[in-house]
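Biologist: I am new to this model and should like to understand the terms used for it. For each one, please tell me what justifies it.

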Amino acid sequence: MTAPPIRLEGLTGDADLTVPPGRPWLIGRGAAADFILSDPSVSRHHAEMQAGPEGLRVRDLGSANGTLANGAPIGEAVLRHGDVLTLGRPAFRVVVSDARSLEDPPPGTESRAVGERPPIADPDTLRRLLALARTLSGRFERSALTAAVADLAFEVVAADRVALLLRDGPDGALVPSQSRSRVGEASALQVPRSIAGQAAREGRPVITRNALEDDALRSGSVVAARVRSAVAAPLLADEDRVIGVLYADRIASAVPFTDEEATTLLAFAGLAAVSLAKLDLTAAVQRQAETRQNLERFFAPDVAATIAAAGSPLGTGGERRTVTVLFSDIRGFTGLAEGLPPERVAGILNEYFTIMAEIIFGHGGTLDKFLGDGLLAVWGAPLDTPDDASRAVAAARAMREAVAGLNASWAQAGHPTLGVGLGLARGEVFAGRIGSDHRLDYTVIGDAVNLAARLCDLAPAGAILLTEEVRRELPAPAALEEEQGLEVRGRAGAVRVWRA
């Protein structure tokens, strides 16, 4: 059978993509990719995708920020309908346009016996479950999905009332989510805790022929509701994790539920559990992507991904950290700006800052802020590495080379050129998110920040000045030249300063 095309539904603002069957297709940021994603967190050649009968086969091509399937990093994997594929920051839901096979219940469901439970052999029942699976897979909002589960439960078993209960809160209590009733108001339905609780505790379905006569299941709520026959099936997200219970009962009829009805409800509960688990995963991936997008204002994509995966622990306040601080500033920019139209000034700054930010992120730094025609960057916060100082100095040198390249191209075009000075210092600072309830920015405060700013002021165009504390952290300090007789404003004592 020819494999159908597979659609990737954008979850983070990216356009949908359709992967035709046949050859592998390249996705990445480079111009040679079959599917181009312009997001900076995507590598030029990020991953390879191939649509086949078994699903979407994805192979990571050594990308910088990784390829994830349902939130877990992969080298190569096959994704199926409803799975979530993440490439750097962008995330997509896999949609198979011609999903013909019935999804299996979660692991463990098949082994949960209800007495002498017969297999589902009725072709009409199987076809009905297949149709229900397709219906559930099309619900991409939680409220719509839970409503569909309750509505469709009436199609699964002939019940007077049905209810969907989902675990919620820190104690994982079963909380009513949806209910339906053919006899009275659905809102008045009180699910007997004895029946639903046993299904959740044991992770297997519970069926009673006459709950009013069953000593093990008889409770106040059973008697009050006049429950004659009931069945409760656990929603198993995996082998040992119950995320809810699907309950059905009869109060107007003495006809008990059959084992086949219980088996069918159990299969449907498995389908509902799979759909709910996938929807929750999709929502979690979207939240993580939004968190990463916000964090990437300050941090390199891989650092932002690490923080987002940990649940974004950056709240108000902060901590003391030893960091390397870099300040850069364009020399004489005020005079330059006075002779140019505002649009041209903005264009120069945008081009300049875009390149500088990419260099900072490429060397693992944190972009603290832009300051008019200057910028502040930090290495060592919120995450540190043993070579923070070396990364900062390497970034400063790369920034200087990039400015030289910009100047060469601008000069050929008859545009003005820039001179940039850089200063680096190292020491203990306060690092964290500071601001108001309406706006928080990640920043660093401390003597090292002030000293780096003053060195930046003293640095001639094209020069990099750094402190002794930075020099001591470098693997090859002999490559530097010591500045003699340099006085740093606000410092009474001698400050050893080196030029890179």
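Biologist: Which residue follows H3, and what is its phi?

Modeller: Gly203 comes after H3, and its phi is positive, near 65°. This is a predicted model, in which local features need pLDDT of at least 70, side-chain atom pairs count only at pLDDT 80 or more, and totals for chains, interfaces and linings use all residues. Residues are numbered from 1 along each chain as its sequence is written, and side-chain values use heavy atoms, with hydrogens and water left out.

Biologist: How many helices and strands are there in the protein?

Modeller: The protein has eleven helices and 24 strands. Both are DSSP runs numbered from the N terminus: H or I of at least four residues for a helix, E of at least two for a strand. H3 covers residues 193-202, and that run of H or I meets the helix criterion.

Biologist: Which residues of H3 are called buried?

Modeller: They are Ile195, Ala196, Gly197, Ala199 and Ala200. Buried means under 20% relative accessible area, exposed means over 50%, and partly exposed lies in between, with a 1.4 Å probe and protein chains only. Of the 500 residues of the protein, 49% count as buried.

Biologist: Why is Asn70 called partly exposed?

Modeller: Its relative accessibility is 28%, which falls between the two limits, so the term applies. Asn70 lies in the loop between E7 and E8. Its phi is near 55°, a positive value in a residue other than glycine.

Biologist: How do you know that E7 and E8 pair?

Modeller: Two strands pair if DSSP finds at least two bridges between them. Strand E7 (residues 67-69) and E8 are joined by two bridges and run antiparallel, so the criterion is met. Ala69 stands opposite Ala72 in E8.

Biologist: What makes E2 and E8 edge strands?

Modeller: They belong to an open sheet of six strands in the order E2-E1-E11-E10-E7-E8, with antiparallel pairing. Strand E2 (17-19) and strand E8 (72-73) each have a single partner strand, so one side of each has no neighbour in the sheet.

Biologist: What makes E5 and E6 a hairpin?

Modeller: Two residues stand between them. Strand E5 (residues 47-52) pairs with strand E6 (residues 55-60) in the antiparallel sense over six bridges, and Glu48 stands opposite Arg59 in E6. E6 is also joined by four bridges to strand E9 (residues 76-79), again antiparallel; there, Val58 has Ala77 as its bridge partner.

Biologist: Which strands are at the edges of the sheet E13-E12-E16-E15-E14?

Modeller: In this open, antiparallel sheet of five strands, the edges are strand E13 (173-181) and strand E14 (206-208), each of which pairs on one side only. The twist averages 15° from one strand to the next. Helix H2 (residues 142-156) packs on the sheet, touching E12, E13 and strand E16 (241-250), and its direction makes about 60° with that of E13.

Biologist: How is the packing of H8 and H9 described?

Modeller: Two packed helices are described by the angle between their axes and the distance between the axes. The axes of H8 and H9 come within 9 Å and cross at roughly 145°. Axes are lines fitted to C-alpha atoms, for helices over the stretch in contact (heavy atoms within 4.5 Å), and angles run from 0 to 180 degrees between N-to-C directions. Among the residues in the contact are Tyr352 of H8 and Trp410 of H9. By class, the contact has 13 nonpolar, no polar and two charged residues. Ala, Val, Leu, Ile, Met, Phe, Trp, Tyr, Cys and Pro count as nonpolar, Asp, Glu, Lys and Arg as charged, and the others, Gly among them, as polar.

Biologist: Which residues touch the most other members of the largest nonpolar core?

Modeller: Among its 39 residues, they are Tyr352 and Leu424. Such a core is a set of buried Ala, Val, Leu, Ile, Met, Phe, Trp, Tyr and Cys residues joined through side-chain atoms within 4.5 Å. H9 gives the most to this core, with eleven residues. A second, separate core of 28 residues includes Val149, Leu152, Leu246 and Ala248.

Biologist: What makes the bond from Ala381 to Pro382 cis?

Modeller: Its omega is near 5°. Pro382 is placed in the loop between E19 and H9.
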